[in-house]
Amino acid sequence: MKLITMKGVTKLYSKGEHEQRALDSVDLEIDEGKFVVILGPSGAGKSTLLNMIGGLDSPTSGTIIVDGQNIEALSRDELADYRASTVGFVFQSYNLVPTLTVLENVALVKDIAKNPLSSHDMLRAVGLEDHMKNFPSELSGGEQQMVVIARGLMSRPRILLMDEPFGALDAQTRAQLQTDLLNTWQKEKKTCFFITHDVDEAIILGQRCVIMSARPGRIKRIVDIDIPYPRTQETRLSPEFNRLKNEVWGEVYKEYLEVRK
């Protein structure tokens with residue numbers, strides 16, 4: 001089932017007397033329950049796409065249909081309801097309230113969600129049941145990010161939007177959180193839209209890899225990642241992983257070179 005359909009999505013930004021084209025005629029379909037990873041150089045419009053799916057931004061032209069409804073046609077109240085019930089956000093910054101416990105940070109979603117999950121159950125699902133009474137400052141960076149993921153899932157979203165959530169973490173923590181995220185995704189089967197600059201991360205996580213061109217952002221190529229789940233860090237050693245890594249990296253590197261011209 002097609003959950004997200006983008007047709008001719010273009011985004012222009014005004015810069016003084018000039019216009020900057022961030023996205024140019026993007027067409028993309030995402031099936032429900034799929035893990036889709038977005039790769040591309042800085043300025044390719046990856047975060048702009050994510051923000052538009054999340055109802056935080058709007059296209060200059062084109063349409064974005066989510067679960068059969070054109071989100072551009074929603075009123076302000078309908079859009080707020082859409083963000084509260086259909087999408088969950090996970091960004092690189094944690095945005096946790098330092099004076100609240102882990103449990104209280106996750107429970108904040110209950111104030112806006114229509115049918116939230118149990119905060120206790122969600123923290124157990126991401127392996128933080130022993131840290132519910134801790135404050136964010138008492139957790140590692142990886143643990144804080146898993147709190148954010150738990151909070152993003154609390155509202156039972158159809159779509160989890162993730163913008164480089166592991167980008168600031170060390171390699172070992174990042175690898176562990178990739179495994180934790182995959183385990184959570186396989187249980188929850190949410191539709192994931194995950195932005196990264198890391199080709200290894202894209203292949204270990206995603207079912208489809210969408211490669212964006214240098215500005216203006218267009219879809220250059222979509223690569224299906226047909227490595228079976230469950231995937232572990234040992235998956236990186238397989239010949240198929242390395243074949244896909246070389247294939248994807250070759251496409252991405254060409255776009256980085258375009259940026260440097």
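A nonpolar core is a set of buried Ala, Val, Leu, Ile, Met, Phe, Trp, Tyr and Cys residues joined through side-chain atoms within 4.5 Å. With that in hand, here are some exercises on this predicted model.

**Exercise 1. Find the residues that touch the most other members of the largest nonpolar core, and the helix that gives the most to this core.**

Step 1. The largest nonpolar core has 47 residues, and those touching the most other members are Phe35, Leu123, Ile149, Leu181, Phe194, Cys209 and Val248.
Step 2. Helix α5 (residues 141-153) gives the most to this core, with 6 residues.
Step 3. Now look around Ile149: leaving aside residues up to four places away in sequence, Ile149 touches Val90, Met162, Phe166 and Leu181.
Step 4. Keep a second, separate core apart from this one; that core has 28 residues, including Val26, Leu50, Phe193 and Met212.

**Exercise 2. Lay out the strand order of the open sheet of 6 strands and name its edge strands.**

Step 1. The order is β6-β7-β8-β3-β9-β10, and the pairing is mixed.
Step 2. β6 and β10 are the edge strands, each pairing on one side only.
Step 3. Ignoring direction, neighbouring strands of this sheet are turned by 15 degrees against each other on average.
Step 4. Check one pair: β3 and β9 are parallel and share 4 bridges, and Leu39 stands opposite Ile211 in β9.

**Exercise 3. Work out how strand β7 is enclosed and how the chain goes on from β7 to β8.**

Step 1. Start with burial, taken as under 20% relative accessible area. In strand β7 (residues 159-163), 5 of the 5 residues are buried, so the strand is largely enclosed by the rest of the structure.
Step 2. Split the strand by face: Ile159, Leu161 and Asp163 are buried on one side, Leu160 and Met162 on the other.
Step 3. Turn to the partners. Strand β6 (residues 87-91) runs parallel to β7 and is joined to it by 5 bridges, with Val87 having Ile159 as its bridge partner.
Step 4. Strand β8 (residues 191-195) is also parallel to β7, again with 5 bridges, and the partner of Asp163 in β8 is Ile195.
Step 5. From β7 the chain passes through helix α6 (residues 171-188) to β8, a right-handed β-α-β crossover.

**Exercise 4. List the buried residues of α6 and α8, and state what they pack against.**

Step 1. In α6, the buried residues are Arg174, Ala175, Leu177, Gln178, Thr179, Leu181, Leu182, Thr184 and Trp185.
Step 2. They pack against β3 (35-39), α4 (119-125), α5, β7, β8 and α7 (199-205).
Step 3. In α8 (residues 239-260), Phe241, Leu244, Val248, Glu251, Val252 and Glu255 are buried.
Step 4. To read that spacing, recall that an α-helix has 3.6 residues a turn, so residues three or four places apart point the same way.
Step 5. The buried residues of α8 pack against β3, α7, β9 (208-212) and β10 (219-224). Helix α8 lies across β3, β9 and β10, at about 170 degrees to β10.

**Exercise 5. Describe the open sheet of 4 strands and the helix that packs on it.**

Step 1. The strands are ordered β2-β1-β4-β5, with antiparallel pairing.
Step 2. At the edges stand β2 (18-31) and β5 (69-70); each has a single partner strand, so one side of each lacks a neighbour in the sheet.
Step 3. Helix α1 (residues 46-53) packs on the sheet, where it touches β1 (2-15), β2 and β4, and its direction makes about 120 degrees with that of β1.

Methods. Residues are numbered from 1 along each chain as its sequence is written. This is a predicted model: local features need pLDDT of at least 70, side-chain atom pairs count only at pLDDT 80 or more; totals for chains, interfaces and linings use all residues. Side-chain values use heavy atoms; hydrogens and water are left out. Two strands pair if DSSP finds at least two bridges between them. Helices (H or I, at least four residues) and strands (E, at least two) are DSSP runs, numbered from the N terminus. Contact means heavy atoms within 4.5 Å. Axes are lines fitted to C-alpha atoms, for helices over the stretch in contact, and angles run from 0 to 180 degrees between N-to-C directions. Buried means under 20% relative accessible area, exposed over 50%, partly exposed in between (1.4 Å probe, protein chains only). A crossover is right-handed if, with the strands pointing away from the viewer, the path from the first strand over the helix to the second runs clockwise.
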